Each structure stands twice: as C-alpha cells, then as structure tokens.
Amino acid sequence: MISNALKARSKYYWVITLFVALLAYGFAIINYTVYPDDEWFFNSPFGILQQGRWGDYLTTRIFDYHIFLPFWRGVIALTLFVISSTIWCYIFQNALRKHFDEKIAIAFTSVFLSFGFMSRYYIYVSTKLSLGMSFFVTPIAVYYTLKYLNDKNNKLLNLFCASFLLAYAVSFSENSMIMFLIGVFIVHFLNKFFDDNSEKTIFKLYLINLLKIFLIVILAIFLWRFIANFLLFVNNIQPSDYTSNMIVYNLSSLSAFINSILVFMQNFVPILVRRASISYIIYNFIFISTFIVLIISIYKSYRLKNVYLLLDGILVIISSFSLILITGNVNYLPERTFIPFGMLCGFAFVLLHILIKGSEFNKTIKRSYFTFAVNFMLVLTVFYQTKEMNEEFVTNYQRYQLDVTVMNNIMHDLGGITIQKPIEFVGILPPYNTRHYEVTGSSIFYLDRAWLTSEELNSNRPYNFINMHGYHIIQAKTNENIIKEQIKGMPNYPNDGYIKDFGDYIIVKLGKSAFDVSE
C-alpha cells in the first residue's frame with residue numbers, strides 16, 4: 001500500500017512537496033536548538049513511558065536512538081510527514097476515484113505540511129521523531145479500518161491491524177486518535193460526494209459503520225493502556241499524571257460535572273477568540289476551514305438529498321475539536337495538541353478543488369475565476385503558515401543562542417569543566433526581549449522558576465541543559481531558610497559577585513529571587 005501510494009504521485013507533486021517542506025522546516029533542521037523539555041527527555045529514560053508513550057519508549061530502545069541527534073531526527077521526522085501526507089492522498093484517491101487529480105493531492109499536502117501549529121511540536125528535538133511516527137502509522141490504521149468496513153474477507157485480521165496500529169500511533173502522540181477520526185470521516189464524506197444516482201444511505205448501515213469505527217477506537221485505547229501498564233509494571237515505575245491533568249472538568253459529583261460543562265460551553269468561543277488574537281493567522285485558517293467544510297456539507301447534502309453527507313461533514317468538524325471537547329481545556333491546552341486541525345484545513349482545500357472539477361460553478365461563475373481564487377488562497381495559506389512557523393523557529397533559535405551565552409559565561413566564571421562542587425542556581429533570569437509563543441522565547445533559566453516558588457530551587461532544567469553541552473555540574477539541593485541568609489546582598493548575574501562559594505557548594509544568583517530578604 002505504501003509503495004502504491006508513493007508511486008501514484010507525479011513528479012510535479014514531489015517537486016512542490018519538497019519546496020513546501022524545505023520552506024516550512026528547512027531553518028529548524030539546519031539550526032538546531034535545545035528546547036525546554038528536551039533537557040528533561042534526554043535525561044529521563046522512563047519519562048515518556050510514564051506518560052503512556054510506550055511506542056516511543058520501545059522504538060528508542062530497539063533502535064538505540066535515545067540520544068541528542070537534532071539533524072538526524074529532524075530529517076527523518078520530515079520524511080515521515082511527507083510519506084504520511086502522501087498516504088492520505090492515496091486513501092482520498094481511492095474514495096474519489098476518477099474525480100481525484102494531482103491538484104487535489106498538492107493542495108492537501110501543501111496545507112497539511114505547512115500547518116502553522118506544526119512548529120509547536122517540531123521545535124522539540126526530543127519528540128519530533130515521535131510525531132513523525134504517529135503521522136506515519138495513523139493513515140495506515142485508517143487504511144485497515146476501511147478494509148474492515150468494506151471487505152468481507154479477513155475481518156478479524158483487519159480489525160486487529162486497525163486497532164493495534166491505532167494504539168501504536170497513539171502511544172507516540174494522542175494527536176493520532178484525533179487524526180484517525182478526522183481521516184475516517186473524511187473518507188466517509190468523499191465516498192458520498194459524487195453519489196448522485198445511488199439510493200439514500202440506510203440508517204442501519206450508517207449506524208453499524210459508526211459502531212465499527214468506535215469499536216476500533218475502544219480496542220485501540222484498551223491495547224494502548226494495557227501495554228503501557230504492563231511496561232510500567234515490568235520497570236517498576238509509576239505513571240505520570242501529566243496528560244490526565246489536561247482534563248479540567250470537575251468530576252467530584254454529577255452536579256459539579258454538569259456545571260463545568262456549562263461553564264465550558266459558555267467560555268468556548270470567547271476563549272478561542274482570545275487565543276486567536278495571539279496566533280490570529282493560524283486560528284483564522286481554522287475558522288475559515290471549518291466554515292468551508294460546513295457550508296459545502298450543507299450544500300451537497302441538500303443537492304443530493306442525503307443527510308448523511310452533512311452528518312459526516314459535522315463529524316469531521318467535531319473530531320477536529322474533540323480533544324478540546326473531551327478535556328474541557330479550551331484555555332490552557334497546549335497548541336501543539338491542535339496539530340490535527342491541519343487535516344481539517346487540508347480537507348477544506350480538497351473540497352474546493354473538487355468543486356472546481358464539478359459542474360456546480362459552471363452555471364454561476366466562470367470556472368477559471370473560481371480556480372484562480374482557490375489557488376491564490378492556497379498560495380496565501382502556505383505563505384502565511386510557513387512564515388508563522390519560521391518566525392517561531394527563529395525566535396527559538398535566538399532564545400537558544402542567548403541561553404548558550406549565559407551558560408558559557410557562568411561556566412567560565414565558575415572555572416569551566418574543572419568545577420567539582422555542587423551548584424545552586426537561585427533567582428530568575430529576566431525575560432529575553434524576544435517574541436513569545438507559549439513557552440517559545442522563554443529561557444531555560446526562567447521557566448518553572450518564575451511560576452512557582454518551590455521550583456526556584458527544585459527545577460533541574462538549568463543543570464540538565466548545561467550537562468547536555470559537555471559540562472558536568474551537580475545540583476546542590478540546599479535548604480530554603482539557609483538560602484535566604486546566604487543570598488543577602490548578593491548581586492544578580494552578570495554583575496561581579498553573583499557567584500559565591502560557601503564551602504560545600506556554590507550559589508549562582510541569576511536574578512531576583514523569591515528568597516530575597518529586605519535589608
């Protein structure tokens with residue numbers, strides 16, 4: 001299937017895809033950084049397993065790549081993105097048959113690869129390869145799901161393949177489940193799009209297909225959790241509550257749960273609009289794409305007198321927002337979890353290009369005008385999204401270079417690689433004058449420490465970051481009350497005296513501290 005998917009595309013497709021890929025990711029591949037959490041990942045061999053990401057854990061152990069290889073990881077991840085998008089095109093081609101062409105494939109792949117929030121994930125050296133694997137496996141899971149739904153032979157085999165592959169994809173990234181649902185409902189939609197002469201879809205058959213899809217989802221979740229729990233038990237480690245803490249619904253009682261749902265419904269649109277004011281271009285593409293999919297779904301459902309076409313379109317939209325709906329976390333859910341919206345945006349352009357090939361617009365406007373408008377909008381979408389991605393990559397590169405400068409200055413003043421005594425970083429390094437995207441632009445010497453007083457002494461980010469660059473320092477772990485006395489009168493970095501030797505350990509005062517006491 002993969003070979004057929006790759007061979008099905010033309011040279012024209014591959015040239016444009018390569019151009020878009022380099023435009024979107026080229027800078028990040030060549031100019032590597034250590035992003036916040038990278039320093040945690042490469043110093044916590046079981047951290048990803050504790051979060052349920054056993055696919056990443058097993059794969060890194062089998063192929064022995066739990067090491068810092070930014071260029072290697074970046075190129076392989078991007079290659080997997082491209083292959084994934086190409087497999088999606090092959091699946092859509094099988095659904096549309098004669099109505100599919102290279103322009104549709106180019107439109108989908110260009111938008112999918114350049115979706116603005118991809119930078120939120122690709123910026124991590126540690127997890128970009130995980131995202132690539134989840135992207136690669138997910139459409140294959142959809143392929144076997146379609147075989148399970150449509151083929152009478154090998155039902156159990158196709159059910160197992162679809163469920164296991166989906167579980168494997170989710171074990172790299174939870175985004176896989178969202179993309180799986182979006183992909184399945186897109187194919188459902190496309191199968192009906194040109195079905196003018198067929199009988200209306202029978203409700204019973206439609207419901208059975210939905211139940212089969214959700215059977216695969218349930219089995220996949222079971223396999224994902226079972227394997228994760230088994231590996232946690234074997235390694236004698238406890239699971240992390242990192243992902244479960246993303247759920248913000250109040251589950252203490254039924255009334256509290258219902259009330260939290262009502263609060264979510266009340267705040268859903270206003271909060272999205274507020275978040276859109278920060279990354280307004282990407283959110284606007286999401287909103288416009290949602291509108292396009294909904295309007296075309298309504299129009300074609302009315303033309304074909306097939307309400308199931310509208311239902312499929314709505315299910316595509318709901319699936320795209322499902323992670324927000326499931327967690328209720330519209331306010332603080334990281335934007336890297338919005339990556340599946342790239343499927344929705346790509347699908348919107350698929351529908352627009354299908355309309356160009358259809359007869360709908362021949363009767364109202366000239367096809368050439370509509371074609372020009374769609375292609376112009378496609379170019380603008382790719383242009384602005386790759387621009388947003390590169391702005392974040394450049395900001396992160398600037399932040400990293402500043403962090404490296406601070407690190408080298410401190411290590412020089414400490415005596416370089418010869419330092420033997422434990423170090424205690426105290427205080428918060430002032431924010432850099434860089435643009436911020438979530439945590440992008442925030443210093444390793446600022447994150448965590450600035451948010452919680454307890455993290456000022458407990459955060460191990462600076463120590464792991466410094467050790468990743470060839471130095472070797474040990475965290476002192478001193479007492480808060482003693483620190484309050486010892487830092488009295490100490491100047492902040494980079495002023496003379498910001499480093500002070502207390503015999504058993506050394507204090508490095510980065511900036512203003514929660515433990516500063518007025519003289």
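Tutor: Before we start, two strands pair if DSSP finds at least two bridges between them, and strands are DSSP E runs of at least two residues, helices H or I runs of at least four, numbered from the N terminus. This is a predicted model, where local features need pLDDT of at least 70, side-chain atom pairs count only at pLDDT 80 or more, and totals for chains, interfaces and linings use all residues. Residues are numbered from 1 along each chain as its sequence is written, and side-chain values use heavy atoms, leaving out hydrogens and water.

Student: Thanks! How many bridges pair β2 with β3, and in which sense?

Tutor: Strand β2 (residues 499–501) pairs with β3 over 3 bridges, antiparallel. One bridge partner is easy to find: D501 is matched with I506 of β3.

Student: And what takes a positive phi in that hairpin?

Tutor: G503 does, near 90 degrees, in a hairpin with 4 residues between the strands.

Student: How does β1 run relative to β3, parallel or antiparallel?

Tutor: Parallel, with 4 bridges joining β1 (residues 423–426) to β3. There, I423 has I506 as its bridge partner.

Student: Are the faces of β3 covered or open?

Tutor: Both are covered: I506 and V508 on one side, I507 and K509 on the other, are all buried, meaning under 20% relative accessible area (exposed is over 50%, partly exposed in between; 1.4 Å probe, protein chains only).

Student: Switching topic, where is N464?

Tutor: N464 sits in helix α20 (residues 461–467) and is buried, at 13% relative accessible area. Leaving aside neighbours within four places in sequence, N464 is in contact (heavy atoms within 4.5 Å) with E39 and N43.
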